[in-house]
Amino acid sequence: MRLKKLEITGFKSFRDRTVLDFSDGIASIVGPNGCGKSNIVDAIRWAMGEQRFKALRAKKMEDVIFNGSDNASPVGMAEVSMTLSANGRKFPGEYGDCSEVMISRRTFRDGESEYYINKVPCRLLDIREFLMDIGVGTRTYSLVEQNRIANLIEAKPEDRRRFIEEAAGIAKYKSRKEAASRKMESTRQNIVRLNDIIREVKTQLNSISRQAKKAERYKALKKTMKEAELSLALQTHSDLAAQLKSLKDAHDAITDRGVEVKTKLRELEASIEDIKAETLENEGLISELHERLYEIKNETNVNEQGIEFSKGKIADISARKQKNLTEIEMLQSRKENTLKELRALQTRIAGFDERIADVTCSVAKSRERVEELKGMEKTLHQELEEKKIEHLDVLTEKARLKNMLADLVKRNEDIKKRSESYSFEIEENTIKRDSVADSLSGLKSSLKSDMEKFKYLRENEGVLT
């Protein structure tokens, strides 16, 4: 497999679309300093999935996009497409039937990146696994920079092992193993966090269950209290209604009794008037008899039998008069007793009216109390619902803060890992620098020795001739 064609658009110094065709017979690209030879290598490395902007000789990833010049305006996108030819071999996996495979990478100034294989969108992981299957990588011997050969020769055993593993084609599986290990570790951490969350949720669930049971008991007690109050109110109302009815019946009976007494009293008053009238008639009759007696005395010679009869009749009338006077006194006494009884009945009726008013007021107060209790129950129910909503909001905020804390912890771990990786790279670069310094010192010594030999040869050129 070999690199057949490279298309660069908007990458570093290549503003316009540039196509490099690596056909048979092309072995190298030459040119003066600053013409962009290293940018072509950076474009190949970037298309292969390089994420270290320092390896691309940039301060940040957006620097790979053409930033403008005196004669050209900046662009908003960089794209590199690399075409690989099978060259008599087969590509791995689903690309085994393809004679050529195009790998493309595109990035924008907002930081968004896109990856393609044969113009089909894919992931960066897909590109890396494909390159691992064909034995190509951004950090191994696939791209040989200046002084890279010396680094390969003087590499540490672990670095040399990485080169051998890539050449043998097991780097992909090792990478998958490491990714699987990271996923397993992440899964373990997630399980630990999940267990912590489950324990916390169980604790909160127990607390909420207790609160729910308390609320249920409160509702049951409230319901029982409401039923008892309603039963008491109904019983009180029933008792008061029965008492009111009995009082009304008593009042009606007393009223009827009073009517009867008044009727009887009127009858007695009428009888008394009749007796008075009869008495007045009798008194008139007595006066007439006296006059007649005077006449009889004047007429002493009237029939003696008539006189005796008149005397007997006068005696009867006197007896009847005495009897009528006695009966008048008895009726007067009965009249006074009846008036006393009437006044007592009126007093009792007034007392019953007051009791009826008190019972009516008590019933009104009981109804007001029932309405007040209903309002209190409604208010307590609303407060309970508000407390439940506040509790759910607190639980939601607590879970969100826990998730944020877990995310921050994970980010902190990622930063630590990146810091360790950067430290390792710094150590590598320091070793490389020392090696280059040693090589440079050796080259200087060799050059000095060669210059001395050259000078010696020039000085002895005439003698040797």
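Four acidic residues, E383, E386, E390 and D393, come together on the surface as a patch of negative charge. This picture comes from a predicted model, so it is worth keeping that in mind as you explore. Within the patch, E390 sits in helix α6, which covers residues 304-459. Is E390 buried, partly exposed or exposed? It counts as partly exposed, because its relative accessibility is 45%, and the band for that label lies between 20% and 50%.

Now to a patch of opposite charge. R210, K213, K214 and R217 form a positive patch on the surface. One of these residues, R217, is found in helix α5.

A third surface patch is nonpolar. Its members are L194, I197, I198, V201 and L205, and together they offer about 410 Å² of accessible area. L194 belongs to helix α5, which spans residues 171-298. With a relative accessibility of 46%, L194 is classed as partly exposed.

**The chain as a whole**

Stepping back, what elements does the protein chain contain? There are seven helices and six strands. Read from the N terminus, their order is β-β-α-β-β-β-β-α-α-α-α-α-α. The chain has 465 residues, and buried ones make up 22% of them.

**Salt bridges**

How many salt bridges does the model hold? The count comes to 14. Here are three of them, with the N to O distance for each.

| Salt bridge | N to O distance |
|---|---|
| D42 and K12 | 2.8 Å |
| E185 and R188 | 3.4 Å |
| R199 and D196 | 2.1 Å |

Let us start with D42 and K12, whose closest N and O atoms are 2.8 Å apart. This pair ties together distant parts of the chain: D42 is in helix α1, while K12 is in the loop between β1 (2-9) and β2 (18-21), and 30 residues separate them. Are D42 and K12 buried or exposed? Both residues are buried.

The pair E185 and R188 is arranged in another way. These side chains meet in a salt bridge at 3.4 Å. Why are E185 and R188 separated by about one helical turn? They are about one turn apart because they stand three residues from each other in helix α5. E185 is partly exposed, with a relative accessible area of 37%, and R188 is also partly exposed, at 45% relative accessibility.

Helix α5 also holds R199 and D196, again three residues apart, or about one turn of the helix. Their salt bridge has an N to O distance of 2.1 Å. D196 has a relative accessible area of 35%, so D196 counts as partly exposed. Salt bridges can also share partners, and in this way K5, E7 and R17 are joined into one network.

**A buried glutamate in a loop**

One more residue deserves a visit. E50 lies in the loop between α1 (37-47) and β3 (77-85). Why does E50 count as buried? Its relative accessibility is 2%, and therefore E50 falls in the buried class, for which the cut-off is under 20%. The side chain of E50 also has a partner: a polar contact of 2.9 Å joins it to the side chain of R52.

Conventions
Residues are numbered from 1 along each chain as its sequence is written. This is a predicted model: local features need pLDDT of at least 70, side-chain atom pairs count only at pLDDT 80 or more; totals for chains, interfaces and linings use all residues. Side-chain values use heavy atoms; hydrogens and water are left out. Patches are made of residues with over 30% relative accessible area and no salt bridge: like charges are joined within 9 Å, nonpolar side chains (Val, Leu, Ile, Met, Phe, Trp, Tyr) within 5 Å. Accessible areas come from the Shrake-Rupley method with a 1.4 Å probe; for residues, only the protein chains shown count as cover. Lys and Arg count as positive and Asp and Glu as negative; His and the chain ends are not counted. The place of a charge is taken as NZ of Lys, CZ of Arg, CG of Asp or CD of Glu. Helices (H or I, at least four residues) and strands (E, at least two) are DSSP runs, numbered from the N terminus. Buried means under 20% relative accessible area, exposed over 50%, partly exposed in between (1.4 Å probe, protein chains only). A polar contact is a pair of N or O atoms within 3.5 Å; within protein, one must be able to donate a hydrogen and the other to accept it, and residues adjacent in sequence count only if both atoms are side-chain atoms.
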